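Trainee: Could you take me through one strand of this model and its surroundings, closely and in order? I am new to it, so please give each term its cut-off.

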Amino acid sequence: AQIRYSIPEELTRGAFVGNIAKDLGTDVAKLAAANLQVLSDSDSQYFSVNVNTGVIMVSERIDREQLCGQNPRCFLHLKLAIENPVEFYRIEVEILDINDNPPEFPSDEVSLRIYELASLGARFPIQPAQDPDVGTNTLQTYHLSANENFNLNVKARTDGGKFPELVLERALDRELRAFHHLVLTAEDGGSPPQSSKIRITIQVLDANDNHPVFDRPSYGARLVENSPLGTLVVKLNATDVDEGPNGDIRYSLSSHNSAALRQIFAIDEQTGEIRVQGNLDFEEATVYEIEVEAKDMGSPTMEEHCSVVVEITDVNDNAPEVILTSFSSSLSEDAPPGTVVAVIHVRDRDSGDQGKVQCHVSPDLPFQLRKDYEHQYSLITSTRLDREHVAYYNVTISASDLGSPPLSRHTILPVTLADVNDNAPQFEQASYEVLVAENNPVGSVLVTVSAADPDSEQNSRLSYSILRAGGTDPGLDPTRYLSIHPTSGQVSAKIPFDYEQTTYLQFQVEVSDGGSPALRNRTLVHIFIVDQNDNAPRVHFPRAGEDSATQFRISPSTTPPALITKVVAIDADSGRNAWLSYHLVEATDPGLFSVTLRSGEIRIMRALQETDASAHELLVVVRDAGEPPLSTAVTLVVLVEEKGPEALQGSEARTTTSGGLPSITLYLIVSLVLISTVSLVGLAALGVRCM
């Protein structure tokens, strides 16, 4: 069961709350016998029960504002416990508010400072009074003492709070009245009502009622770009007719100016001089509009604004820019004139003539610029190109503006010419003449033919070959004697040469490059075989066996210088190697016979005597003039006797000293002279060609 009671706050101890025995319909004696106990939900025991009477009484002071604050309803809860049987009863006691608290302001006095030029209707809030009571007992209204300038306005909030405001109804004039004293009364709705007061002191402040005035509404200035730091732009002038701090002016850049503009310009707050503190660039901005404010030092401050228009004059401080739109750094050397190598775009950030750009390349180069349209050029070839003449170009594009002085920029474009096979190989010599000694070793290099191809890479890779035979014998095949290395051009001997069989070879060597199609060239090679002393003289007369001697018969009456016989020898070599000399090496009587050095004639040198031997053996050596010399020996036996049997070999000695040489001797001499002459002429011609 639950029982509810209502009592006002602030009852004295022992005040009656209710009769529990009566309200429960229970005998008082029964409650006493049931061991009645009172249990409270709060920490304090605000109530007690008299078990003899069943009456609930106040045991402690109850302050509703302390218990429940501003809640409109306030309750305390009790529990009654009885035994035999155990039963619980809940009792709810409502604490009713009484007007025991007056409204209270935070302080007894408040001061306000109001400028004399405060506008009518201006509101000035006052700290509200606080009343902890609730309902009609709380704060209900405010009252303002009578005055000429202010009215009271009370703002009510949805939560019931009330806030007083002073409203200016009549303009203030500090010169008439500097201070105003008002009284604000706060009153609650209790019966009787309670109230409290606060004194309001209003100080009328002198107003800064004159703002600064510039001597002109706007200013203008003109500067060249890149003006040095600290350059004076303009000096502003503003005046304020107020006195003291109200007439003391400070200049500043308005907050309306961008951060970038603030980095370029600065103003002296005392003098109003605007100076350059950053870089002025015509290409970034041609006009700057600076908002300037002049503030006095009054309280509150008053300010005035003006604008400064700064025009920037362009100077030629930007070189032209060359931008590659497209570019091919490799160009085939057979590209026709007019081939586009690069497309460029030019620009100059300056204005007017200073922003007009002219482009050109060196006239010494096979390139030219073609203007496609404004600000765009094409770099094209102007003539035929030859990589073998010039393989690489650094094309310098010069861009100049029309400023004074003009600015220019140079851009270098590296252009490499790609090779095409447009050059046939060229031999270093139109023909080659080589002297080769006979009996040369197999594999020896006789001559190296060399050709050059100004093309590059595969187009310059050369290959050599022997084409056809020529020379003294049209049917002679040089490949039987010679071979050529295909890459080095070295001509080597496959077999030894024999001068006595071949004295001269002529053939062609062809060289071809590795291009597609391949280009070719030829050269003629002359090989002269040089004789070596590899043949010993050979005796043709008198003929004799290897181990036999040739016998001649002379009469004892033969007188000097009779020709006994003549040794005839021939050498298969040529030149000096075939120049023969005859020498009497051994003789039975060295003083009796002599041999002519060049002709080989054997003559008797004195008359024969009876004491001389009847047979004389002569050893004649035939020697050539080679290095080293080769020789052949022949043995002659001269018999001194009258004409004998025909079996004796030889012939009679001729005693005549007159008459010409035998025909065989004349033939040999003429042949030797002709061979020597031909050899000398050949050697002389070869020397002239080699030079």
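Mentor: Start with F88, which is exposed because its relative accessible area is 54% (exposed means over 50%, buried under 20%, and partly exposed in between, with a 1.4 Å probe and protein chains only). This is a predicted model: local features need pLDDT of at least 70, side-chain atom pairs need 80 or more, and totals for chains, interfaces and linings use all residues. Residues are numbered from 1 along each chain as its sequence is written, and side-chain values use heavy atoms, without hydrogens or water.

F88 sits in strand β7, residues 87–96. (Strands are DSSP runs of E with at least two residues, helices runs of H or I with at least four, numbered from the N terminus.) F88 also joins L39 and V86 in a nonpolar surface patch of about 310 Å². (Patch residues have over 30% relative accessible area and no salt bridge; nonpolar side chains are joined within 5 Å, like charges within 9 Å. Areas come from the Shrake-Rupley method with a 1.4 Å probe, and for residues only the protein chains shown count as cover.)

Now move along the strand to E92. E92 pairs with R4 in a salt bridge, and their closest N and O atoms are 2.6 Å apart (a side-chain nitrogen of Lys or Arg within 4 Å of a carboxyl oxygen of Asp or Glu). E92 is in β7 and R4 in strand β1, so the bridge ties together parts 88 residues apart in sequence. E92 is buried because its relative accessible area is 10%.

E94 makes a salt bridge too. Its partner is R73, with 3.6 Å between the closest N and O atoms. E94 lies in β7, while R73 is in the loop between α3 (64–68) and β6 (75–82), so this pair ties together parts 21 residues apart in sequence. The two partners differ in cover: E94 is buried at 13% relative accessibility, whereas R73 is partly exposed at 46%. In general, side chains of opposite charge can pair when their charged atoms come close.

How many salt bridges are found in the whole structure? The search finds 24. One of them joins E321 to R347, with the closest N and O atoms 3.2 Å apart. This pair links distant parts of the chain: E321 is in strand β24 (residues 321–327) and R347 in strand β26 (residues 340–347), 26 residues apart. R347 is partly exposed, with a relative accessible area of 41%. Elsewhere, E10, R61 and D63 form one network through salt bridges that share partners.

E10 deserves a second look. It lies in the loop between β1 (2–8) and β2 (16–19). Its phi is near 65°, which is positive in a residue other than glycine. E10 is partly exposed, at 27% relative accessible area. H375 is not a glycine either, and its phi is positive at about 75°. H375 sits in the loop between β28 (367–373) and β29 (376–381). Most residues other than glycine have a negative phi, and most peptide bonds are trans.

Two peptide bonds are worth finding for that last point. The bond from S191 to P192 is cis, with omega near 5°. P192 lies in the loop between β13 (179–188) and β14. The bond from P560 to P561 is also cis, with omega near -5°. P561 lies in the loop between β42 (550–554) and β43 (563–566).

Finish around strand β14. S196 lies in it and counts as buried at 15% relative accessibility. A polar atom of the S196 side chain is 2.4 Å from the backbone oxygen of P103. D206 follows in the loop between β14 (195–205) and β15 (213–214). D206 is partly exposed, with a relative accessible area of 42%. D206 gathers with D173, E175 and D209 in a surface patch of negative charge (Asp and Glu count as negative, Lys and Arg as positive; His and chain ends are not counted).

Terms used: The place of a charge is taken as NZ of Lys, CZ of Arg, CG of Asp or CD of Glu. A polar contact is a pair of N or O atoms within 3.5 Å; within protein, one must be able to donate a hydrogen and the other to accept it, and residues adjacent in sequence count only if both atoms are side-chain atoms.
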